[in-house]
Amino acid sequence: MRPHEKSAFLQFFLMYFLSVAVLVLVAGFFYFAQTKDHLLKQEEFSLLEYARHLKMGGPEGEFSRDFRHRLIPSQKHIDIRNFTVSKDTFSKRIPLKIDGRYLEVTKSKQHYNQKIRALMLQIIAVQILLLFLFGLISCRLAKNAIKPLEESIDLLDHFAKDLIHDLNTPVTSIKLNMNILERLPDLKSNKAFSRVKKSVQSISELHENLTILLEEKTFQMKRIDVCSAVQEVVEIEKPLYTDIDFQIRCQNFHATLNPKAFRQILQNIISNACRYNRPGGYVKIYRRHNALYIEDSGKGIQNPEKIFEREYSDEKSSGLGLDIVKRLAMAMQLEVRIEPNKPQGTVFILTLR
């Protein structure tokens, strides 16, 4: 399952499961409150039964040792509905017809507390069972809900792969013919030919970007020589930007990456550094600790916080390059950012594992 499919599945699952969990917990709370109130009423009724038994002269042995009683002097304004719950006992006062005294009956809360603990454990067990069952149901519903989305994504994925595969032949043919035409002395200084050459290069880069992006879910990571990858990309860009001074200071730098995807990230960033540079400018590539810096002498970037968004583009680019850089970097757990507050030029920082 792809990352975006996992995200959709988890969102649906969590939303449904949390709503059910809240209902189960609220229902358990109200059931506990009502049952506790019912148990309290039972305790009060048991005190009344004990008092009635005593007033009728019955033996105390018929009731458990939890019950106690005593006679207290007459008191005014005692509500017949009185029922007191203290820390360890229940108590109730009942008026007697003989000389106006009251019979106070008490009962230990030990058995009541045991019932409450058993009730809580029972409710918790039932809630856990219900949440488990509803979790399974939620998982099943979530899978069924995103299945059409997953099928649509797979269909688009296959279509895109077929399209990129079919484009591979004409793009390769165009590049080969451009290399042949470049050998003709009359075309080297032709401005129209130079514009066509750059357009072919842009098409080739876009084709490579899309090819790499479609392989995102099958990345194979391995330890590579970062400096060698930098040198390979620079050697590709040098013939296209002969007026740019490339300065490389990189050695003994290794990281765990997907080689093809990492080279594509480098190519996109270095290509942009050359494309938006000034005539006679430079591109510096150097290492600091576990980070690779790519610095250019161009005019800088407006709204650098938006540079990795797909919509960020101009007449020189499609806007896909840096968006793909961000996605490939995320897939390899690689941090890519721009050095802030730089008055001139741009510095890309790639922090590697």
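How many of the six residues of E9 are buried? To find out, select strand E9, residues 291-296, in this predicted model. Six of the six are buried, so E9 is largely enclosed by the rest of the structure.

**Strand E9 and its partners**

Display the side chains of E9. Ala291, Tyr293 and Glu295 point one way from the strand, while Leu292, Ile294 and Asp296 point the other way. Residues on both sides are buried.

Next, add strand E8, residues 282-288. E8 and E9 are antiparallel partners, joined over six bridges. Within this pair, Ile294 in E9 has Ile285 opposite. The hairpin formed by E8 and E9 has two residues between the strands, and His289 in this hairpin has a positive phi near 55°.

Then select strand E11, residues 346-351. E11 also pairs with E9 in the antiparallel sense, over six bridges. Here Thr346 of E11 stands opposite Asp296.

**The whole sheet**

Now show the sheet to which these strands belong. In general, strands of a sheet pair through backbone hydrogen bonds, either parallel or antiparallel. This sheet is open and has five strands in the order E6-E8-E9-E11-E10, with mixed pairing. Strand E6 (245-249) and strand E10 (335-338) are at the edges; each has a single partner strand, so one side of each lacks a neighbour in the sheet. From one strand to the next, the twist averages 15°.

At the E10 edge, look for the antiparallel pairing of E10 with E11, which consists of four bridges. Ile338 is found opposite Phe348 in E11.

**Helices to select next**

Select helix H5, residues 226-237. This helix packs on the sheet, where it touches E6, E8 and E9. The direction of H5 makes about 175° with that of E6.

Move to helix H6, residues 259-275. At 1.5 Å a residue, its 17 residues should span 24 Å, and the end C-alpha atoms are indeed 24 Å apart. Of the 17 residues of H6, 15 are buried, so this helix is largely enclosed by the rest of the structure.

Helix H7 comprises residues 321-331. Its buried residues include Leu322, Ile324, Val325 and Leu328. After H7 comes Gln333, with a positive phi near 55°.

**The nonpolar cores**

In soluble globular proteins, nonpolar side chains tend to be buried together. The largest nonpolar core of this model has 40 residues; highlight Phe262, Leu266, Leu292 and Leu350, which touch the most other members. At least two residues of this core come from each of H5, strand E7 (254-257), H6, E8, E9, H7, E10 and E11. The greatest contribution is that of H6, with eight residues.

Centre the view on Leu266. Neighbours within four places in sequence aside, Leu266 is in contact with Ala229, Val230, Val233, Ser271, Leu292, Ile294 and Leu350. Another core, of 15 residues, lies apart from the one just described; among its members are Tyr50, Ala51, Leu103 and Leu119.

**A last stop in helix H1**

Finally, select Glu49, which lies in helix H1, residues 3-55. Is Glu49 buried or partly exposed? Glu49 has a relative accessible area of 27% and is therefore partly exposed, since buried means under 20% and exposed means over 50%. To end the tour, draw a distance from Glu49 to Phe63: the two are 14 residues apart in sequence, and their C-alpha atoms are 9.8 Å apart in space.

Key:
Residues numbered from 1 in each chain as written. Predicted model: local features only at pLDDT ≥ 70, side-chain atom pairs only at ≥ 80, totals over all residues. Heavy atoms only, no water. Pairing = 2+ DSSP bridges. Axes fitted to C-alpha atoms, helices over the stretch in contact; angles between N-to-C directions. Contact = heavy atoms within 4.5 Å. Buried < 20%, exposed > 50% of the residue type's maximum accessible area, 1.4 Å probe, protein only. Expected span 1.5 Å × (residues − 1). Core = buried A, V, L, I, M, F, W, Y, C linked by side-chain atoms within 4.5 Å.
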